[in-house]
2 protein chains.
Amino acid sequence: MTADPSARRGIPDATVARLPEYLRALTGFAERGITSVSSEELAAASGVRSAKLRKDLSHLGSYGVRGVGYEVDHLAYQISRELGLTQDWPVAIVGMGNLGHALAAYSGFATRGFRVVALLDQDEALHGQQIAGLPVRPMDTLDALVAEEGLAIGVIATPAGSAQDVCDQLVAAGVSSILNFAPCVLVVPDGVDVRKVDLSTELQILAFHEQRKALASAALGPVAKGVAK
Amino acid sequence: MTADPSARRGIPDATVARLPEYLRALTGFAERGITSVSSEELAAASGVRSAKLRKDLSHLGSYGVRGVGYEVDHLAYQISRELGLTQDWPVAIVGMGNLGHALAAYSGFATRGFRVVALLDQDEALHGQQIAGLPVRPMDTLDALVAEEGLAIGVIATPAGSAQDVCDQLVAAGVSSILNFAPCVLVVPDGVDVRKVDLSTELQILAFHEQRKALASAALGPVAKGVAK
DNA sequence: ACGCTTTTGTGAACGAATGCACAAAGTCAC
DNA sequence: GTGACTTTGTGCATTCGTTCACAAAAGCGT
């Protein structure tokens, strides 16, 4: 059962998290008319070591040619297929504040396998207003979106206070993958995936390292002025 | 040299990445007037297991009381200090498109140890324009910001095409921590930290799991209709 | 046809992170 | 003051991820 003959089940999470970056690098090569890359080149363009890249790719199958490298188009297709991007995923964005606004207008989604099919907000005052060519809808249209559009992925861009409430509504309607921009922990039933993006958290991690650098240079040479600031 | 007597050097990266979440949870407890929490409660509020939480906290020192728990204020202070948040970090945002706009208006920074001191853009047409109470400045004011404000952290919210260029200018001016929202790999010299936030990447990872769920339910019972869609 | 060069794919060693289980250390009731 | 109870801090085992190093496989020139 665990030993799959097609040797493909169970791609490590760490690998899955890097596949999008490989895909982007491959797209870049393709745009420049390059049809073949070595693991070394692709790794450099993705910001990883070549050994790691090769091990990652080995989990999806054997798509390289020894002595030559990888065919750009073919590898890109295989990664796309593995990530489930051969189809377009409908996405709904909830919360039309500053961030929701920016996300609705972000063009990067469309080019990478996603289609924003709806914008929602709990605030009645916003309903009907057009943002980036789409009307803002009330939350109770979620069921219809899941049924008619096959909506499965929701993006939460509300304040932290309403995030859990909105999340519950998404889950109740049948959405099973959620991208959360609100700075809070979401509780969801089994079978629902949540990923969190938190701007403050990222800055705080940077601050930690920044402080470490400052302390280190202060300890080694408190005299330094130009460089160690 | 590596063996530090105060037993504090070398906090694992995985732990550092979770400290902001603990800090947020603690702030939540404090706001509700709770002065003491157990590792179990704090872990639940942070979305981790209590054993993990305790091991994480043990890396910063021994701030709990056996049989009782942790004093909320004290632990919050210790984590803040470890993350370097007892001071306010000046931050500059580069790229005043949709996303830069939203980030400039985001109030979450100020409450968590950061202060947006400048907005920059390469586009001359935007210079002088006011966004969220700050004027948009040209890139050549970076040196002054580093010298006068002590700027050390920069946020890149430009399109992918100009991100490396902007990054180089930040680094040249002396910025040594960068938060990158552009969907591309940045090359920086040693001593400069980069963290990347990529919306499409996150969605693609969700799509992978979503596809896996769809395939699994299709394989186990292609008959199911209501639930497995 | 054959050896030389290149580059993949992978076994094995290593290191980091997680989870478990319990002794140590404290509080509290009486 | 003493014993029962609670909760932390941590050694240990395990799992997960990365790096190394090289054999196997392909192309190429002659």
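**DNA strand C.** I began with the surroundings of DNA strand C in this predicted model: 23 residues are near the strand, with Ser39(A), Arg54(A), Tyr70(A), Arg18(B) and Arg66(B) coming nearest (near means that a heavy atom of the residue lies within 4 Å). Of the strand C atoms within 4 Å of the protein, 68% are sugar or phosphate.

Next I looked up polar contacts, that is, pairs of N or O atoms within 3.5 Å (within protein, one must be able to donate a hydrogen and the other to accept it, and residues adjacent in sequence count only if both atoms are side-chain atoms). Ser39(A) brings a backbone N or O atom to 2.4 Å from a phosphate oxygen of strand C. Gly64(A) also uses a backbone N or O atom, 3.0 Å from a phosphate oxygen. Which part of strand C does the side chain of Arg54(A) meet? I found a base nitrogen, 2.8 Å from a side-chain N or O atom of Arg54(A).

The elements giving two or more residues to this surface are α3, β2 and β3 of chain A, with α1 (13-31) and α3 of chain B. I took helices (H or I, at least four residues) and strands (E, at least two) as DSSP runs, numbered from the N terminus.

**DNA strand D.** Here I also got 23 residues, the closest being Arg18(A), Arg66(A), Ser39(B), Arg54(B) and Tyr70(B). A side-chain N or O atom of Arg18(A) sits 2.8 Å from a phosphate oxygen of strand D. Lys55(A) points a polar side-chain atom at a base oxygen, 3.4 Å away. From chain B, Gly64(B) places a polar backbone atom 3.1 Å from a phosphate oxygen.

**The sheet in chain A.** I then traced the open antiparallel sheet, whose order is β1-β3-β2 (strands pair if DSSP finds at least two bridges between them). Its edge strands are β1 (36-37) and β2 (64-65). Two bridges join β2(A) to β3 (69-71), and Gly64(A) stands opposite Tyr70(A). Helix α4 (72-83) packs on this sheet, touching β1 and β3 (heavy atoms within 4.5 Å), and makes about 75° with β3(A). That angle is between N-to-C directions, on a scale from 0 to 180 degrees, with axes fitted to C-alpha atoms, for helices over the stretch in contact.

**Bookkeeping.** I number residues from 1 along each chain as written, letter chains from A and number ligands from 1 in the order written. Local features need pLDDT of at least 70 and side-chain atom pairs 80 or more, while totals for chains, interfaces and linings use all residues; side-chain values use heavy atoms, without hydrogens or water.
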